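Student: I have a new model open and want to get my bearings. Can we go through it together?

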Amino acid sequence: MESAESSTGVRKATRKADDDFEAEEVKGEETAVAAFNEALIVAPSAPPKLNTNAPKVNYQPHYVYGYRGYDSRENLFFTQEAKIAYPLAALGIVLDPKSNKQSFFGGKPLGKTNNQHDDDILCLAISHDRKVIATGQTGVKPKLFIWNAETNAYMGKYVLSDKTSKAVVACAFSKDNAYVAFVDLSSNHTVYVVDGKNGKLLWKKASGKPVVYGVCWISNKEFVTCGASSIKFWNVDSQEDKDGNGFDSEIMSCVAVDGKGNTHVSSVSGKVYIFNGTKVVNKITPHKGKINSMVIYDNMMLTAGDDSRVLISEVGSYKTICEIKTKAIPRAADMLGNLVVVGDIKGGITLYKDGKEVDSWLGHHEGEVWGLNLAENLIVTAGDDNKVILWDYNNCRAVKEACINSKPGQKLKDNVPGKPKMPDNQSSRSVCYNAATKEIAIATNNGELHIRDIKDIEKNKKVINCSKRWIEQMCYSPKGDMLAVGTHANELLVYSVPGYELRGKLEGHATPLICIDWSTDGTYLRSLDEGFDMIFWKLPGFTKDPDGAVNTKDKDWETQSCKIGWSVQGIYPPGTDKTHVNYVAKSRDGKLVATGDDWGFVNVYNYPCGKGSKCYSLRGHSEQVPRIVFSKDDDYIFSVGGNDKAVIQWKK
């Protein structure tokens, strides 16, 4: 990602390559943050030799949970091998539904190649022989990539140079796959035609002020675009465009062409206009509400609408052959033989055979995803979408989904960065697991703490009103007999377990708490706030130890989430302040430390991490990475991408 927005909502720097940043002027609070107390960096009595080289590891994306349907449409298709291609974050994903294995376009470590996405992929199209895929992204310099659907090999790209271009929003292959036509989101909504094999530009032309939402080819030389009260017919050779006529003035959402060359254009009111040439010759209304996806194969039309229905109709008579009622609003749908696949607005994918569901995959879909932890062989995630999901990472399957709160509450003003749409009591940005009691703790954005049994995550065993502000970080003690909770009311709260009585309300922080660690022997607790003040608390009395950095210099810490200290002093690349690193996690064997940053990278260093250390940076997310965690055997790293809503499983 060329630039990313931090949790404070301020763009601060641009990452160009390995350990290479464009530093911007840092003012106000960030100046104080950048100059945090050096007294907190205390070496152990017998410091080990530091290895500042990048670690010799080879983590790669193994599985990605979710689908981008919350703000994108018509971006999911079958390949020739009946695999399912779709985007999420900065990855093009090809899922084999039979084996449940995925392959990826992108996901290569930083510095290995520039021929991959570095920001959110908004659109995806597949060639007519289903062998080649085109994907378009957002960004400072939006890009269109062309890649092989079977091997995921890079074939070509085009980088948009117009400074007003914000994204590639729609793309399509010509009938013979010789060309790709695509449209940008810009002041002129420019239409581009590039070579379908290498992405070389043939021509481009401004479409006009109306936003364009769809593009489809009529023949090898003609294509059509549709958008806000606009339908245009284009010719590749003459580069001319003609307006369609005879349709109502409304937003046109999708376009498809039948075997006779008749163009079908759908609308937000549920209508489909059928064109012969540039004139409307027929009109049908298959759906109540917006049509989000439409394809035509072998005289059969597949439509998916906001009425949560997917219809297969015969072109000409438009008689419904099959109707599928979906779990959520479908945003994309495709068919191949007797198979239909649907991607929905809630981040899920469902596969149907002969109209009956045969498999499904879950995802997050609203706001941001920050909550991440491990529970035995399960990943636990929670987000701003009223979801808590358990994922079996060995089988790469969601095994349970539960809501955070069934009844919506109030929304607190300016409480949480990113301003989630869901009420604060239905959103969560922190979860943790207690192996001793087999419980998970879910912290809501209105300051509640929900305790649930890992085998029954739909029911609360206990609800605790902790704070009037949201909770960013929680951590159970090594023995599982205490839970530390860090709030954005600048409080560190400690509860006994299993009763969850308040044992201590530890005050001393001037800004919200973001990190908490327990010492392995349970005698110390340390907490870090947004102002980069780290306080050490001595147990059992929870007394503040002003010399804690010195007194704990030889202690082992159960976790390493606090991002300052001697063992992590090298995790900050030059030209950045300390806010660009969002989270830190230590491997279980203590040999590696990983960070999640504002540019969407997961960075892996040798541990301890000395100044000047090089890292192995994993690219896949397209937004800030607020949480990461290693598996028990360190074979996997798990990460969540905040606003990209992706849960990525990286394998060594």
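**A first look at the model**

Tutor: Start with one pair: V295 stands opposite L302 in strand 26. Strands here are DSSP runs (E, at least two residues), numbered from the N terminus.

Student: Which strands does that pair join, and by how many bridges?

Tutor: Six bridges join strand 25 to strand 26 (residues 300-305), and the two run antiparallel. Strands count as paired if DSSP finds at least two bridges between them.

Student: What is the order of the strands in that sheet?

Tutor: The order is 25-26-27-28, an open sheet of four strands with antiparallel pairing. Its edge strands are strand 25 (291-297) and strand 28 (320-325), each pairing on one side only. The twist averages 15° from one strand to the next. That angle is taken between N-to-C directions of lines fitted to C-alpha atoms, on a scale from 0 to 180 degrees.

Student: What holds paired strands together?

Tutor: Strands of a sheet pair through backbone hydrogen bonds, either parallel or antiparallel.

Student: Before I go on, what sort of model is this, and how are things counted?

Tutor: It is a predicted model, where local features need pLDDT of at least 70, side-chain atom pairs count only at pLDDT 80 or more, and totals for chains, interfaces and linings use all residues. Residues are numbered from 1 along each chain as its sequence is written, and side-chain values use heavy atoms, with hydrogens and water left out.

Student: What is the mean pLDDT of the chain?

Tutor: The mean is 93, and 94% of the residues reach 70 or more. pLDDT is the predictor's confidence in each residue, from 0 to 100.

Student: Where does pLDDT stay under 50?

Tutor: Over residues 1-34. Where pLDDT is low, the predicted coordinates should not be read in detail.

Student: Next topic. Which strands form the open sheet that includes strand 4?

Tutor: Four strands do, in the order 4-55-54-53, with antiparallel pairing. Strand 4 (60-65) and strand 53 (627-630) are the edges, each pairing on one side only. From one strand to the next, the twist averages 20°.

Student: How many bridges join strand 54 to strand 55?

Tutor: Five bridges join strand 54 (residues 636-640) to strand 55 (residues 647-651). Y636 stands opposite K651 in strand 55.

Student: Now pockets. What is the volume of the second largest one?

Tutor: About 870 Å³. A pocket is an open set of points on a 1 Å grid over the protein atoms alone, where a 1.4 Å probe fits, with protein on both sides within 12 Å along at least five of seven lines; lining residues have an atom within 4 Å of a point. The volume is the space filled by probe spheres set on the points, which are joined across faces, edges and corners.

Student: Which lining residues are closest to its centre?

Tutor: Of the 44 that line the pocket, N373, C475, E558, T559 and R588 are the closest.

Student: Last one: where are the cis peptide bonds at P498 and P540?

Tutor: One joins V497 and P498, with omega about 15°, and P498 is in the loop between strand 43 (492-496) and strand 44 (502-506). Another joins L539 and P540, with omega about 10°. P540 sits in the loop between strand 47 (534-538) and strand 48 (543-544).

Note on methods. Contact = heavy atoms within 4.5 Å.
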